[in-house]
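Subject: Handing over the structure

Hello,

Here is the structure I promised to pass on to you. Please open it alongside this email, and take your time with it.

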Amino acid sequence: MPAALDIQDLGIRLDTDWVLRHLDLCLEEQQLACLLGPSGCGKTTLLRAMAGLQAHVEGRIHLFGEDVGRLPPERRGIGLVFQDDALFPHLSTAENIAFGLHSLSALERRERVQRLAQRLHLQGLLARYPHELSGGQRQRVALARALAARPRLLLLDEPFAALDRELREQLAGDVRELLREEGMTALLVTHDQYEAFAMADQIGVMHQGRILQWGDAHTLYHQPAHPFVARFIGHGSFLPLQRDAAGQWRCALGALPGQHLPAGEHLTLFLRPEMVVPDPNGPVAGEIVRRVFRGDRQLYTVQLPDGHRVLAASSEWLPDALAIRLRADLGDAVVFSHATPQNPAS
């Protein structure tokens, strides 16, 4: 059975610059996936190419086995939700949702609108017009309109970006449940990792037109395959590794336990804050240069004697004293052979 979406060797050029080159992407039917990356990495361009709004010069786009790369947008069976809700201002909520349901009978249209309105908490708003709705309500209407026609693939281009974080994550969770019920295949584009985690089963991290890693949130966080992925997903610190006289690899926080390391003489260690813990009896001295309140934990930026900085996490609010001692669990740290990226702790 063919994949829901199969993109092979896609290339897109704007003027003389390649925005995407040799890009592959595959989604299984009913999979909820996300492209996560910073602004300008090419994720929206990729989404527009799938929808038929952006021409590509290389590669293929197959939807359920059909080559749709040269079809006009209206023949691809793809639904698209933008950051801007793009509702019709002269139509009510119910009329906006039903806009693409011309092939259904009046009764079927009414039942479809009522079902989506109920699932997206729009029941009491069906007679209102867009200017009478809040930003979150308008975006729910836009989502209902895109889902109403049951597209083969739903593309979501940062649809929650204009909403506050709490509403964003709540709406992402509601949409995830609805997509599951509808048996829909969907691809979300966002720069917000929390939104990606709330919505998607699988996440592809994009940077400079490439998908650097594809996996679930747990894998991306604990086993990043590239320094950019490590830095972009959550917080962390990079420390250079050096061999001591006995040939053991060491960093400013201690020696690495025996583990398989990548080849190369220039290795970098990446640690999550929870791997570095304030401890009065810890073997490493440091100085607190910054502290950030995170509710259930505090994040401390600590400068080590060799000048490097690391992030340390604690469930306790430490005294205002600058001096601190640390212990580190290096067994689960990730080692890269890439050039050391800029340390976000600095």
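Below are some notes on what was found in it.

This is a predicted model, in which local features need pLDDT of at least 70 and side-chain atom pairs count only at pLDDT 80 or more, while totals for chains, interfaces and linings use all residues. Residues are numbered from 1 along each chain as its sequence is written, and side-chain values use heavy atoms, with hydrogens and water left out.

A few words on terms first. Helices (H or I, at least four residues) and strands (E, at least two) are DSSP runs, numbered from the N terminus. Two strands pair if DSSP finds at least two bridges between them.

**The open sheet and H1**

Four strands make up an open sheet, with antiparallel pairing and the order S2-S1-S4-S5. Strands S2 (17-27) and S5 (66-67) are at the edges with a single partner strand each, so one side of each has no neighbour in the sheet. Two bridges hold the antiparallel pair of S4 (residues 58-63) and S5; His 62 has Asp 67 in S5 as its bridge partner.

Helix H1 lies across S1 (5-14), S2 and S4, running at about 115° to S1 (axes are lines fitted to C-alpha atoms, for helices over the stretch in contact, and angles run from 0 to 180 degrees between N-to-C directions). Of the nine residues in H1 (43-51), seven are buried, where buried means under 20% relative accessible area, exposed over 50%, and partly exposed in between (1.4 Å probe, protein chains only). Among the buried ones are Leu 46, Leu 47 and Met 50. Just after H1 comes Gly 52, with a positive phi of about 90°.

**Helix H5 and Asp 174**

The 18 residues of H5 should span 26 Å (1.5 Å times one less than the number of residues), and the end C-alpha atoms are indeed 26 Å apart. At its start, a side-chain oxygen of Asp 164 comes to within 3.3 Å of the backbone nitrogen of Glu 166. After H5 comes Gly 183, with a positive phi near 65°.

The buried residues of H5 include Leu 171, Val 175 and Leu 178. Their cover includes helices H3 (106-119), H4 (135-148) and H6 (193-199), along with strands S3 (32-36), S7 (153-157) and S8 (186-190).

Asp 174 is also in H5 (residues 165-182), and it counts as buried because its relative accessibility is 14%. Its side chain makes a polar contact (a pair of N or O atoms within 3.5 Å; within protein, one must be able to donate a hydrogen and the other to accept it, and residues adjacent in sequence count only if both atoms are side-chain atoms) with the side chain of Arg 140, at 3.4 Å. Leaving aside neighbours within four places in sequence, Asp 174 is in contact (heavy atoms within 4.5 Å) with His 121 and Arg 140.

Asp 84, in the loop between S6 (78-81) and H2 (93-97), counts as exposed because its relative accessibility is 54%.

**Strands S17, S18 and S19**

Five of the six residues of S18 (298-303) are buried. S18 pairs antiparallel with S17 (residues 284-293) over six bridges, and Arg 290 is partnered by Thr 301 in S18. Their hairpin has four residues between the strands, and Gly 295 there has a positive phi near 80°.

Six bridges also join S18 to S19 (residues 309-314), again antiparallel; Leu 299 has Ala 313 in S19 as its bridge partner. This hairpin has five residues between its strands, with Gly 307 in the turn at a positive phi of about 100°.

Best wishes
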